[in-house]
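Dear colleague,

I am handing over the structure we spoke about, together with some notes on what was found in it. Please look at the sequence and the model first, and then read on.

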Amino acid sequence: MFKKIAVAFDESPEAGRAFHSALNLAKFSSAELHLITVLESFPAYMSYVAALAPEVPVLLKHEKRNFYTDLQGKARAEADRAGVSVIQEIAEGDVAAELLRVIEAIKPDLLVVGLCHNQGAAGRLMGGTAHYIAVHAKCNLLGVH
């Protein structure tokens, strides 16, 4: 059975469902659970903001990190109540690339990701992040609706 389960985790409803599925699997199989959150880089137009107010991007980055640290802390508390060991991972950069980098480093038996119910025509055409991860991940993948 799975001994190390990773879950792509953010504030989205899809990630919440993925977390709860991963938590249940980890509890059932006595696995270690890794919460992986990727802080996306700011869009290119943020350089204009930085030119006018250099402290704004730094402040926003700090607030974003604090938000996700707090979000992971709440998930950790829920996992603690369930008796599941949690390791928190926060990376920065492109979501798909960083998620793949982190799972390559921690080598989970399973990666759990939330699937969007309505990603629109562009997402279906391009495949989306979950599809990219499914194609490139070197571990089992569970997509949760």
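Is Ala26 buried or exposed? Before the reply, one caution: this is a predicted model, and what follows should be read with that in mind. Ala26 has a relative accessible area of 1%, and since buried means under 20%, Ala26 is therefore buried.

As to its setting, Ala26 belongs to helix 1, which covers residues 13–29. When its neighbours within four places in sequence are left aside, Ala26 is in contact with Ile5, Ala31, Leu33 and Val84. Tyr45 can serve as a point of reference outside that group: Tyr45 and Ala26 are 19 residues apart in sequence, and from C-alpha to C-alpha they are 41 Å apart in space.

Next comes the sheet. Its five strands form an open sheet with parallel pairing, and they follow the order 3-2-1-4-5. Strand 3 (86–92) and strand 5 (140–144) stand at the edges, where each has a single partner strand, so one side of each is left without a neighbour in the sheet. From one strand to the next, the twist averages 20°.

One pairing can be followed down to its residues. Strand 1 (residues 4–8) pairs with strand 4 (residues 110–114) in the parallel sense, over three bridges, and Ala6 has Leu111 as its bridge partner in strand 4.

Two helices that pack on the sheet should also be mentioned. Helix 3 (residues 55–82) touches strand 2 (32–39) and strand 3 as it packs on the sheet, and its direction makes about 160° with that of strand 3. Helix 4 (residues 95–106) likewise packs on the sheet, where it touches strand 1, strand 2, strand 3 and strand 4, and its direction makes about 150° with that of strand 2.

Finally, there are two loop residues whose backbone angles you may wish to look at. Ser30, in the loop between helix 1 and strand 2, has a positive phi of about 55° although it is not a glycine. Lys107, in the loop between helix 4 and strand 4, is also a residue other than glycine with a positive phi, here near 50°. Why do Ser30 and Lys107 count as exposed? Exposed means over 50% relative accessible area, and Ser30 counts as exposed because its relative accessibility is 61%, while Lys107 counts as exposed because its relative accessibility is 55%.

With kind regards

Notes:
Residues are numbered from 1 along each chain as its sequence is written. This is a predicted model: local features need pLDDT of at least 70, side-chain atom pairs count only at pLDDT 80 or more; totals for chains, interfaces and linings use all residues. Side-chain values use heavy atoms; hydrogens and water are left out. Helices (H or I, at least four residues) and strands (E, at least two) are DSSP runs, numbered from the N terminus. Buried means under 20% relative accessible area, exposed over 50%, partly exposed in between (1.4 Å probe, protein chains only). Contact means heavy atoms within 4.5 Å. Two strands pair if DSSP finds at least two bridges between them. Axes are lines fitted to C-alpha atoms, for helices over the stretch in contact, and angles run from 0 to 180 degrees between N-to-C directions.
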